[in-house]
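Here are some short exercises to work through with the model in view. Try each task yourself before reading its solution.

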Amino acid sequence: MLNLKIVKEKMNEFPSYLKSWVKTFTGSLTIFCLLILFVMPFLSANQSFTHVFLRQFSLAMIFAIFAASWDLLTGISGQISFGHAIFFGISGYICAYLIKYQSFPIWISIIISTVVAVFFGLAIGFPLLRLKGPYLALGTLAMSLILLKLFLMGSLADWLFGSEGISALPGLAATPVIEYFILFIFMILTFVILIQISKSKFGTILKSIRDDEVGSDASGINTTKYKIYAFMLSSFFAGLAGGFYALYIGAVNPTGNFGTVLSFFAILMASLGGLATISGAALGAFFFIFLEYALIEIGVVEIGNLAIDFGLYKFAIFAVILIVIIRFAEHGILKPLLERLKDLWDLLLGR
Amino acid sequence: MEKLAKRIIAIVIIAGLGVGGGLGAWFLFLAPGAGEYSWSSKDCPGAPSGISSDQIIKFGITGDVGEITGDGAWEGCYLAAKEINEAGGIKINDTTYYIGVTREDSDEANPNLVTSRGIAAAERLVYNKKVQFGIGGFRSEALLAYQEVFMDNEIIFINTGAATDVFCENVRSWYTRYKYFWRSMPINSSSLGEQIFNYLFRLIYVLNATYSGEIANVGIIYEDLTWTEDLVTGIEYYFGPYGPLPAYRNMLTANIPYDVTLTAADMLTHVNTLMAADCDIVIPIISAQGGLMLMQHYATLQPNFLVVGIDVQSQLDTFWTQTNGDCIYEIQMQSIHVTNKTPTTIPFWNAFRAEWGHDPLYTASGSYDALNFIVWAINETQSLQAYPTLTQKMETATKANILANPELFPSSVGGLGAYWPTTHDLVAGYPFGFTLFCQWQANATKVIMPSYNSVYIDSQLSNIGTLILPPWLITDWTT
C-alpha cells in the first residue's frame, strides 16, 4: 500500500509542490488563515482573551480533529457512523485513567489511549462492516449507546467509575497559550495527513468503495479490508481528539464523553463545512463553537419594550441558522464560501 | 470601464471585510479590557445607582438558565443580595460595599450533557466577570469538571444543588486544593438516604399498625446519574436482606434505574414493573421530568402503592398545574416549606414568594443561605481574602459552636447552618440539615407530614398536617 519510491519523490519535489500550492487561491487563503491562528495568542494578554476566547479556539480545534475523523469515515469512505463518540469517549477514559490512577505522563497516556481507540475501531469495525448504509449507521449508534449504558451502570462503577467518571485531571498544558499551540500543531498535522490520505491511492480506493462498492469489489479491491482500515484511521484521530478533550475538560463521565450528542456534533460540524472535504470539518467546528459563543456574548438585546436573551434562546437561534444554511448551502459552507471569495479575488485582480 | 468598476467594488468589499473584521475583533477581544464585564449598580439589586465596580463584592452563579434548578440558585442569591443591599450593604474597614450578582448558563440540566459548556460558564465568570465568590451547581458530572476552574483560581465556591458525597470528600482528602469548596444544600446523598429510610421505617410501622401489616414491599425508581448512586446504595442496604430491619427483611422488590431522557412510554413500563413487583411504597429519586410522568401514570393507573421520595420538580407549586393535579397524594422531600425550621424560614418564604411569585426550590434556599454565609464571614473578618481568613472563619460554623452560641452565626433558612470543618459539608440531622416530607393534597395544597419524630421533632414545627392516603390504596390495604 505504501510505495516508498513515490514518497521519496514527493519529498524531493516538496518545496516546489509547496511553492505552487501557495500560489493557488486555496493555498494562499489557507496560509493566511493559519497565520491568523498563529498570531492569535499574541494579540492580547488580557485574561478574558487568553482564558475564555483562546480556550474556545482550543475547543474548536479539538472538535475540528474529531469532525475531520468522522468525515474520513463517512464523507470519504461512505461508512455512515452515528456512534463516533465511541472512540472519542473510550480514548478520553483511558487517558484519564492512566493519568489519574497509574500516574502516567500526559503524552504517554494520549498515545496509549489513541492506540486503544484504534483497537476499538478494529473491534467494532470488523463485525459492523457487514452492515451497510442506514443499518451500519444504526449499528454504530447502538454500539455507542451500549457503551454509554455500560459506563453508566452503578454495578460496574468499581471498574468503569460509574456516572461520576474520573475528575480532577491535569490540563494539557500549564497555560492556555501553550495548550492552544499544542492543539494548533495537532490540528494542522491531522488535516495535512487526512487530506493527503484522501488524495492518495488509498483515498481513491475509499472513494470508489463509497461510490460503488459492488463495482470496487468486482474490480478486485478487498473492500472489507479497506473499510476496516478506514475505521481504524478514523478512530485514531477521533481517539486523539477524545484524549485532548478529556484534558481540556479535566474530567470524563459517560454522558459527557460517550453521549450521542457528541457523535451528532461531529456529523453536524463536518456536514456544515462540507462532506468529503476534510478541511470543511475545521470550518464547521469553528463556526459551530463560535456561533454559540457569540450568542452567549451578545446576551440580552433590548428592542423597544422587547428584550431578547440570545444566550437563553441560543439553541433555538442556532437551529434556525442551521436550517437556513442547509437550505441555501446543502453541500456545506466551505465550497460556496471559497467560490465567493475566489470571485472577489478574481475581480480584484481584474480577471 | 465596467471591468474597472467591478475591480473597485471588489477592492471596497475586501477592504470593508478586512477593516470591519479587524476593528470588530479589536473592540470585542483585543482592546485593553475587551471582553471584561463592567460591574455596575444594575448587578446589585437594591443598591443605590451610580456605585462603582470597586464597591461591589462580586458573586457568580452557575446553573442552567431557564431550568428550575438553575433559576432557583439565581433567585435565592438575587433575593439575598437585594436584602443586604437594601439594608445599606456591608462595611469593610469603614468602606461600604454592595453585593453584586451575575450568572452564567452551564446547561447542566440538559440530559445530553456537554461538559465543555459548564467549563465555559465558569471561565466566563472567573476571567470575564472576575467574580470573587461562586455559588450554584446542580448536576454532579458537570460540577465535578467546572469546580476546578474555581479551585484553580482559589475562589470560594458553595455548591447549592449537587448531593453527591464525593465533592466534600475531596475537601477532606485533598484539603490544600479543595478547601475553597463548600456545600450549603442539599445534605449529601448518604444522609438523604438515611433520612428517607428513617422516615419510611416509622411510616411503615404506623401504616402497618393501622392496616394489619399489609405494607411489606418497597420499590425504588431513580435517575441513573451520579447523584443518586450513594442514595440508592443506602436504600438498597436499609431495605435489603442485610439491612437493620429484622421484621421486614428483604423488602426491596423492585429496583429501577432509568435514563433521564426517558419517554412517557418508558415510564409507563416502569410503573407496570413496580405494580407487578407488588410494591406498597415506591421511592422516586428524580430531579427532572420523570417525576411528572410518574405522577401522571400514577393518577391514571391508580396502582396500589404510595409514592414517597425525592421529586425535585414537585417541590415547586407549579407542579400541581403541570400535572393537572395528578401529583395528589405524592409525598416528597423538600428543604423548606411554610414552617419554622429556623426563625428566618417563614420570612424568607414570604419574601421569596413576593419577589418571584412562586415557591422556592431547594437550590433557592441553599443559594440564599450560601450568600448570607459568605457575607457573614466577610462582616466578621472585615476581609475578602478567601484563604485563610474567610475559609477559617467559615470553618468555625460547626455543630458544637452553633449549639453553644447560635447568636454568633448567621441564621440559615434551611435549618441551622452548621458545617463539618474537615469536609465543608452541611451537617445533616435535626435541627441542622434536615428535609421536610410534604404531601400534595386536594386543591393544590401542600402539607408537611408528621415524621413521627424520625427526621424532625413534629411538635417543634408549625403547620404539620395529616397524611391522606389515596382511596384505592385504603381499599387495597383493608381488604
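**Exercise 1: the two domains**

The centres of domain 1 and domain 2 of chain B, taken over C-alpha atoms, lie 31 Å apart. Domain bounds here come from an automatic or database domain assignment. This is a predicted model, where local features need pLDDT of at least 70 and side-chain atom pairs count only at pLDDT 80 or more, while totals for chains, interfaces and linings use all residues. Residues are numbered from 1 along each chain as its sequence is written, with chains lettered from A and ligands numbered from 1 in the order in which they are written.

Task: find which stretches of chain B make up each domain, and how many residues of domain 1 touch domain 2.

- Step 1: mark 41-186 + 342-408 as domain 1 and 190-334 + 449-478 as domain 2.
- Step 2: look for contacts (C-beta atoms, placed from the backbone, within 7 Å). You get 14 residues of domain 1 of chain B against 14 of domain 2 of chain B.
- Step 3: on the domain 1 side, α2 (68-86) and α4 (140-152) of chain B each supply at least two residues. Helices are DSSP runs of H or I, at least four residues, and strands are runs of E, at least two, numbered from the N terminus.

**Exercise 2: the sheet**

Task: work out the strand order of the open seven-stranded sheet in chain B, and which strands stand at the edges.

- Step 1: trace β8-β7-β9-β10-β11-β12-β13, a mixed sheet. Strands pair if DSSP finds at least two bridges between them.
- Step 2: β8 (252-258) and β13 (445-448) of chain B each have a single partner strand, so one side of each lacks a neighbour in the sheet.

Note on methods. Contact = placed C-beta atoms within 7 Å.
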